Amino acid sequence: MESILGAILRRRAVKLFAPVEISSELREQILDAARHAPSSFNMQPYRFYWVESAEQKRQVAKLCLGQMPAETASALVVAVADIGALPATSRAQLEWMRRSGFSAAKIREYERTAKIGRILFMPGPFGIFGALKWGLFWVLNLWKTMGMPPTSRQDFFKWATKSTSLACENLMIAAEALGINSCPMEGFDARRLSKFLGLSARHREIVMVIAIGKKSHAYLEPPQWRRPLEATVTVL
Ligand SMILES: Cc1cc2nc3c(=O)[nH]c(=O)nc-3n(C[C@H](O)[C@H](O)[C@H](O)COP(=O)(O)O)c2cc1C
């Protein structure tokens with residue numbers, strides 16, 4: 001694998017792909033890199049749907065509004081923020097800690113953190129607990145320096161979307177480093193695509209779809225423009 005900086009600087013949103021197949025080894029490497037991204041509380045609140053079979057891909061591309069990157073991609077990755085898997089994820093981490101021989105003190109510490117996390121991250125029926133939590137934290141924050149936990153369903157998805165987006169970037173950079181190009185897309189019919197994948201709106205929200213493939217020789221890459229550093233950075 002080449003230098004990470006090289007892959008970051010070379011990556012472009014490619015709009016036209018050549019018809020090539022992506023091996024299952026490459027697929028696994030790319031997805032494995034995605035799940036190595038950092039995530040809030042290590043909760044990894046996402047799921048990736050890798051769509052590669054011709055018929056499914058055709059249907060997903062159509063739901064990506066028939067955009068050229070989607071229509072010509074070798075695979076389409078639907079990145080979904082998933083707030084429904086949190087209890088299962090913390091249970092799985094706990095089991096892993098027990099199997100891996102973590103000390104009893106470390107396991108107790110994680111159990112305590114997971115319990116607090118469950119309480120903080122529980123919206124409750126009709127968001128009632130969320131509203132109470134918001135009021136309580138707002139008052140506490142008047143005299144105490146503290147972070148605000150997510151309280152509404154929208155907050156939860158915002159929280160999960162941050163970690164999902166980092167995993168998406170890992171995925172695209174890894175693909176680039178492995179000689180595969182990509183194009184992130186938010187141009188899709190979220191309602192129909194969710195229905196197609198059988199996602200419950202309560203727990204799952206599509207963050208983006210990533211077209212994956214090999215850049216076509218016919219594709220004329222436009223020059224890349226970015227705001228100058230001083231327009232994007234404040235050094236204090
Ligand atoms: C969240 C997000 C959504 C995007 N949605 C689309 C899209 O729907 N269709 C598309 O062709 N490109 C899409 N892009 C790609 C951007 O247009 C592209 O990254 C930007 O113009 C900069 O070009 P570059 O990545 O080649 O440097 C999206 C990028 C991001 C990060």
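**The ligand shell and two helix pairs**

The shell around the ligand is a mixed bag: six of its residues are nonpolar, three are polar and three are charged. This comes from a predicted model. On the N-terminal side of the numbering, the ligand's surroundings include Arg-12, Ala-13, Lys-15, Gln-67 and Pro-69. Then there is the run Cys-183, Pro-184, Met-185, Glu-186 and Gly-187, and Met-208 and Gln-224 round off the set. As for secondary structure, the top contributor to this shell is strand 4, residues 181-185, which supplies three residues.

Stepping back to the whole chain, the fold has ten helices and five strands. Measured out along the principal axes, its C-alpha atoms take up a box of roughly 60 × 45 × 40 Å. Buried residues make up 27% of the 236 in the chain. Among contacts with a separation of 6 or more, 81% link residues 24 or more positions apart.

Two helix pairs are worth a look here. Packed helices get described by two things, the angle between their axes and the distance between those axes. Helix 5 (residues 86-99) packs against helix 6 (residues 104-120) at about 180 degrees, and their axes sit 10 Å apart. With that angle, helix 5 runs roughly antiparallel to helix 6. On the helix 5 side, the contact draws on Pro-87, Ser-90, Leu-94, Met-97 and Arg-98. Facing them from helix 6 are Lys-106, Ile-107, Tyr-110, Glu-111, Ala-114, Gly-117 and Arg-118. Sorted by class, this contact has six nonpolar, two polar and four charged residues.

The other pair brings together helix 3 (residues 54-63) and helix 9 (residues 190-197), with an angle of about 160 degrees and 9 Å between the axes. Helix 3 is therefore roughly antiparallel to helix 9. Gln-59, Val-60 and Leu-63 do the touching from helix 3, while helix 9 offers Arg-192, Leu-193 and Phe-196. Four of these contact residues are nonpolar, one is polar and one is charged.

Finally, a word on Phe-129, which belongs to helix 7 (residues 128-140). Is this residue buried, exposed or something in between? Phe-129 counts as partly exposed, because 14 other C-beta atoms lie within 10 Å, whereas a buried residue would need 20 or more and an exposed one would have 12 or fewer. The C-alpha atom of Phe-129 is 8.1 Å from that of Thr-151, and the two residues are 22 apart along the chain.

Terms used:
Residues numbered from 1 in each chain as written. Predicted model: local features only at pLDDT ≥ 70, side-chain atom pairs only at ≥ 80, totals over all residues. Near = placed C-beta within 6 Å. Helix = DSSP H or I, 4+ residues; strand = E, 2+ residues; numbered from the N terminus. Nonpolar A, V, L, I, M, F, W, Y, C, P; charged D, E, K, R; others polar. Axes fitted to C-alpha atoms, helices over the stretch in contact; angles between N-to-C directions. Parallel < 35°, antiparallel > 145°, perpendicular 65-115°, else oblique. Contact = placed C-beta atoms within 7 Å.
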